[in-house]
Amino acid sequence: MASGGIVDRIAAEFGVHFISHTKRAQGRHQSKARRTCQTLLKKHGPEHLRLVFGLINTAENRGNWSAPCFTAVSWLVSTKPDWVERQGFLDQFDKIDLGRLLTVAKGLNPAAPTVTMSVLLTYELDRMMGSNAREGAA
């Protein structure tokens with residue numbers, strides 16, 4: 001099966017469908033990031049892509065199906081696998097507002113919001129998880 005079919009199937013598992021990049025997304029179930037998801041699938045495989053979808057698919061973040069969000073979350077999962085395995089990671093991740101991070105990233109670095117968002121996401125989680133580790137040690 002072509003990667004497009006697999007990407008569509010994984011997106012459908014999370015109630016997301018892809019629309020043309022020339023159209024405006026209407027609702028929390030649409031994404032224009034099909035090509036980005038195909039790249040992530042080819043680079044990391046279907047389980048990685050499912051994990052990225054699952055992390056974005058929280059009550060607070062559902063609807064942040066943009067290419068920068070997919071890429072930033074994928075980068076985090078790829079570079080910090082020990083964090084993903086850590087107890088409490090999902091609870092901490094659920095507290096992050098990806099839409100706010102993307103807005104801040106665009107403001108800080110309009111030329112490269114994806115890279116900036118990846119860094120901000122890492123810093124935010126490091127701060128949150130680090131404070132939990134310190135609280136547990138106290």
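Helices here are DSSP runs of at least four residues, numbered from the N terminus. With that in hand, welcome to a short tour of this predicted model.

## Salt bridges

A good place to start is helix α3, where E47 and R50 lie 3 residues apart, about one turn of the helix. An α-helix has 3.6 residues a turn, so residues three or four places apart point the same way. The side chains of E47 and R50 meet in a salt bridge, with N to O at 3.0 Å. R50 also forms a salt bridge with E13, at 2.9 Å from N to O. This second pair links distant parts of the chain, since R50 is in helix α3 and E13 in helix α1, 37 residues apart. Together, E13, E47 and R50 are linked in a network of salt bridges.

How many salt bridges does the structure hold? There are 4, and one of them joins the side chains of D8 and R34. That pair also links distant parts of the chain: D8 belongs to helix α1 (residues 3-13) and R34 to helix α2 (residues 34-44), 26 residues apart.

The table shows three of these bridges.

| Salt bridge | N to O distance |
|---|---|
| D8 and R34 | 2.6 Å |
| R50 and E13 | 2.9 Å |
| E47 and R50 | 3.0 Å |

Are these residues buried or exposed? E47 has 56% relative accessibility and counts as exposed, because the cut-off for that class is over 50%. E13, at 45%, counts as partly exposed, and R50 counts as partly exposed at 23%. D8 is partly exposed too, with a relative accessible area of 32%, and R34 is partly exposed with 29%.

## Aromatic rings

Now to the rings. A search of the whole structure finds 5 aromatic pairs. In one of them, the ring centres of F53 and W65 are 5.4 Å apart and the planes are at 35°, so the pair is tilted. F53 lies in helix α3 (residues 46-56) and W65 in the loop between α3 and α4, so the pair ties together parts that are 12 residues apart in sequence. F53 is buried, with a relative accessible area of 0%, and W65 counts as buried at 2% relative accessibility. Ring pairs link F14, F53, W65 and F70 into a cluster.

## Helix α4

F70 from that cluster is among the buried residues of α4, which also include P68, C69, A72 and V73. The 13 residues of this helix (residues 67-79) should span 18 Å at 1.5 Å a residue; the end C-alpha atoms are 18 Å apart, which agrees.

## Helix α8

Which residues does T122 touch, leaving aside residues up to four places away in sequence? They are W75, L76, K80 and W83. Two of those partners also interact with each other: the charged end of K80 sits over the ring of W83, 5.0 Å from the ring centre. T122 lies in helix α8 and counts as buried at 12% relative accessibility.

E124 is found in the same helix α8 (residues 113-137). Its relative accessibility is 19%, so E124 counts as buried, the cut-off being under 20%. The side chains of E124 and R127 are joined by a polar contact of 2.7 Å. Not counting residues up to four places away in sequence, E124 touches I96 and R100.

Definitions and conventions. Residues numbered from 1 in each chain as written. Predicted model: local features only at pLDDT ≥ 70, side-chain atom pairs only at ≥ 80, totals over all residues. Heavy atoms only, no water. Helix = DSSP H or I, 4+ residues; strand = E, 2+ residues; numbered from the N terminus. Buried < 20%, exposed > 50% of the residue type's maximum accessible area, 1.4 Å probe, protein only. Polar contact = N/O pair within 3.5 Å; in protein donor to acceptor, adjacent residues only side chain to side chain. Contact = heavy atoms within 4.5 Å. Expected span 1.5 Å × (residues − 1). Phe/Tyr/Trp six-rings, centres within 6.5 Å; stacked < 30°, edge-to-face > 60°. Lys NZ or Arg CZ within 6 Å of the ring centre and 35° of its normal.
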